[in-house]
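Reader: Hey, I've just opened this one and I'm new to it. Could you walk me through it?

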Amino acid sequence: MPTLILSTNVPVDAVVAADILKDCSKAVARIIGKPESYVMVSMNGSVPMSFAASEEPAAYGELVSIGGIGPGVNGKLSAAVAEILETKLSVTRSRFYIKFEDVKGNNFGFNGSTF
């Protein structure tokens, strides 16, 4: 159930969004080691955002997962997502934050129940 939520102040058209969703889904599954069928990714473009007192292209992400993340994995995930955002949206790595949260299964709902 890894879930990656991305927000950026860059306008994102449907084609670019689809590429980002696909690339991030594959990267998250590969790096965390969970099936891609468990991964959810959302992309919000044109979000009012300031970073370092500037409205230049920037992005923020949150990745929530039941296990699979931690000190050895988070850096790899950060690098992979940053590379995708830099390639697809010209958001430099220095203007991207990502928060990681490892949650217990009973704190995440799916299919009318919890994990």
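**Loops, sheet and helices**

Author: Sure. Let's begin with Ser90, which sits in the loop between α2 and β4 (96–102). Keep in mind that this is a predicted model.

Reader: OK, is Ser90 buried or exposed?

Author: Ser90 counts as exposed, at 53% relative accessibility. Its backbone stands out too: Ser90 has a positive phi of about 60° although it is not a glycine.

Reader: Which residue in the loop between β2 and β3 has a positive phi although it is not a glycine?

Author: That would be Ser46, with a phi of about 60°. Ser46 belongs to the loop between β2 and β3 (59–65). Ser46 is partly exposed, with a relative accessible area of 48%; the cut-off for exposed is over 50%.

Reader: Back to the loop with Ser90. What about Val91, buried or exposed?

Author: Val91 is in the loop between α2 and β4, and it counts as buried at 1% relative accessibility.

Reader: What does Val91 touch?

Author: Leaving aside neighbours within four places in sequence, Val91 is in contact with Thr8, Val10, Pro57, Ala58, Ala59, Ala82, Leu85, Glu86 and Phe96. As for Phe51, it lies 40 residues from Val91 along the chain, and their C-alpha atoms are separated by 11 Å.

Reader: Switching topic: how are the strands ordered in the sheet?

Author: There are 4 strands in an open sheet, in the order β2-β1-β3-β4, and the pairing is mixed. β2 and β4 are at the edges with a single partner strand each, so one side of each has no neighbour in the sheet. From one strand to the next, the twist averages 10°.

Reader: Mixed how? Which way do β1 and β2 run?

Author: β1 and strand β2 (residues 40–44) run parallel, joined by 5 bridges. Within β1, Ser7 stands opposite Asn44 in β2. On the other hand, β1 and β3 run antiparallel, with 6 bridges joining them. There, Ile5 is opposite Glu62 in β3.

Reader: How many residues of β1 are buried?

Author: In strand β1 (residues 3–8), 5 of the 6 residues are buried, so the strand is mostly covered.

Reader: And which residues are on the covered face of β2?

Author: Val41 and Met43 make up the covered face of β2, while Met40, Ser42 and Asn44 are on the uncovered one.

Reader: Where do the helices come in? Which strands does α1 lie across?

Author: α1 lies across β1, β2 and β3, and runs at about 140° to β2. α2 packs on the sheet as well, touching β1, β2, β3 and β4, and its direction makes about 140° with that of β4.

Reader: At what angle do the two helices pack?

Author: Helix α1 (residues 14–32) and helix α2 (residues 71–89) pack at an angle of about 165°, and their axes are 10 Å apart. An angle over 145 degrees counts as roughly antiparallel, so α1 and α2 are roughly antiparallel to each other. The crossing of α1 past α2 is right-handed.

Reader: Which residues meet there?

Author: From α1 you have Val16, Asp19, Ile20, Asp23, Cys24, Ala27, Val28, Ile31 and Ile32. They meet Val73, Lys76, Leu77, Ala80, Ile84, Lys88 and Leu89 in α2. Sorted by type, the residues of this contact come to 12 nonpolar, no polar and 4 charged.

Reader: One last spot. Where is Gly67?

Author: Gly67 is in the loop between β3 and α2. Gly67 counts as partly exposed, at 23% relative accessibility; buried would need under 20%.

Reader: What does Gly67 touch, not counting residues up to four places away in sequence?

Author: Gly67 touches Ile32, Lys34, Asp102 and Val103 on that count. As for Ile31, which takes part in the contact of α1 with α2, it is 36 residues from Gly67 in sequence and 12 Å away in space, C-alpha to C-alpha.

Methods
Residues numbered from 1 in each chain as written. Predicted model: local features only at pLDDT ≥ 70, side-chain atom pairs only at ≥ 80, totals over all residues. Heavy atoms only, no water. Axes fitted to C-alpha atoms, helices over the stretch in contact; angles between N-to-C directions. Parallel < 35°, antiparallel > 145°, perpendicular 65-115°, else oblique. Left-handed = near helix turned anticlockwise from the far one by under 90°. Contact = heavy atoms within 4.5 Å. Nonpolar A, V, L, I, M, F, W, Y, C, P; charged D, E, K, R; others polar. Buried < 20%, exposed > 50% of the residue type's maximum accessible area, 1.4 Å probe, protein only. Pairing = 2+ DSSP bridges.
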